Amino acid sequence: PIITSSIELVEMKHSRDKIEGNKPSVLIANNINQNLPLIFGSDAQIRDCLFNLIDNAYDAGYEKDSQIKKKDPELNWPQGQTYTPQIEIKAGVKENYLVIDITDNGMGIKEEHKKRLFAGFFTTKATSIKGYGPGGHGIGVFTVKKLISAHKGKISFNSEYGKGTTFTIELPLTKK
């Protein structure tokens, strides 16, 4: 239920974009094993982590759509090819861990940014002058890593610029 409610919260956040039509619709594939075992931890903190990563996946899709429309040569997008932002969320069990993968087909992460991704106050998103509004402050993924570590879990990512990103969260199962 935490994964599903996180998806619903992010969809709610972006529903205005969908209604106003100023950003593309994002397709979400939810491939979650329905009989997942329990993990020990804070529902609210895990939900915050999932919300942040799914929300970032939306942003990556919006950014790629924008760059395609601007004909960004660095993206090297084939002319005339359509793009639909997509996010796939998978969850299952591997060994003694609940494993959650959040995969998007958005912008991806440039090689030079990968090593700083989990550092605090590092962002590639534009920030507003007053410190609120659209953009980022570089504390989201940093906080996600801290919270996952506090749950004795692990987080990793795999990304290719222009193709997309997968974040993988591994949380230890409760012992029987």
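Is Phe167 buried or exposed? Phe167 counts as buried, with a relative accessibility of 9%. The close-ups below start from that residue and then move on to salt bridges, a polar contact, a helix, two loop residues and a pocket. Keep in mind throughout that this is a predicted model.

**View 1. Phe167 sits in strand E5.**
The strand in this picture covers residues 164-172. Look for Ile102 as well: Phe167 and Ile102 are 65 residues apart in sequence, yet their C-alpha atoms are 5.2 Å apart in space. As for how Phe167 earns the word "buried", the cut-off is under 20% relative accessible area, and Phe167 comes in at 9%.

**View 2. Lys13 and Asp55 make a salt bridge between two helices.**
Searching the whole structure turns up 4 salt bridges, and here is one of them: the closest N and O atoms of Lys13 and Asp55 are 2.7 Å apart. This pair ties together distant parts of the chain, since Lys13 belongs to helix H1 (residues 2-20) and Asp55 to helix H2 (residues 43-69), 42 residues apart. The two partners also get different labels for accessibility: Lys13 is partly exposed at 46%, whereas Asp55 is buried at 8%.

**View 3. Arg16 and Glu20 pair up within helix H1.**
In this salt bridge the closest N and O atoms lie 2.8 Å from each other. Both residues are in H1, 4 residues apart, which is about one turn of the helix. Arg16 has a relative accessibility of 57%, so it counts as exposed. Glu20, with 46%, counts as partly exposed.

**View 4. Lys69 and Asp65 form a salt bridge in helix H2.**
Follow the side chains to where they meet, with 2.9 Å from N to O. Again the partners are 4 residues apart in one helix, here H2, or about one turn. What about their surroundings? Lys69 is exposed, having a relative accessible area of 61%, while Asp65 is buried with a relative accessibility of 11%.

**View 5. Ser5 reaches Arg47 through a polar contact.**
It's a side chain to side chain affair, at 2.8 Å. Ser5 is part of helix H1. With a relative accessible area of 18%, Ser5 is buried; the cut-off for that label is under 20%.

**View 6. Helix H2 has the span its residue count calls for.**
How far apart are the end C-alpha atoms of H2? They are 39 Å apart. The helix has 27 residues, and at 1.5 Å a residue these should span 39 Å, so the two values agree. Just past the end of H2 comes Lys71, with a positive phi of about 55°.

**View 7. Lys71 has a positive phi without being a glycine.**
Where does Lys71 belong? This residue is in the loop between H2 and strand E2, the strand running over 86-94. Its phi is about 55°. The relative accessible area of Lys71 is 63%, so the residue is exposed.

**View 8. Glu95 is another residue, not a glycine, with a positive phi.**
Here phi is near 55°. Glu95 belongs to the loop between E2 and strand E3 (97-104). Its relative accessible area is 68%, which means Glu95 is exposed.

**View 9. The second largest pocket has a lining of 19 residues.**
The space inside comes to about 430 Å³. Which residues lie nearest the centre? They are Pro1, Ile2, Leu36, Pro37 and Leu98. H1, H2 and E3 each give at least two residues to the lining, and H1 gives the most, with 3. Sorted by type, the lining of this pocket has 13 nonpolar residues, 5 polar ones and 1 charged one.

Note on methods
Residues numbered from 1 in each chain as written. Predicted model: local features only at pLDDT ≥ 70, side-chain atom pairs only at ≥ 80, totals over all residues. Heavy atoms only, no water. Buried < 20%, exposed > 50% of the residue type's maximum accessible area, 1.4 Å probe, protein only. Polar contact = N/O pair within 3.5 Å; in protein donor to acceptor, adjacent residues only side chain to side chain. Expected span 1.5 Å × (residues − 1). 1 Å grid on protein atoms, 1.4 Å probe; cavity = no way out; pocket = protein on both sides within 12 Å on 5 of 7 lines; lining within 4 Å. Points joined across faces, edges and corners; volume = space filled by probe spheres on them. Nonpolar A, V, L, I, M, F, W, Y, C, P; charged D, E, K, R; others polar.
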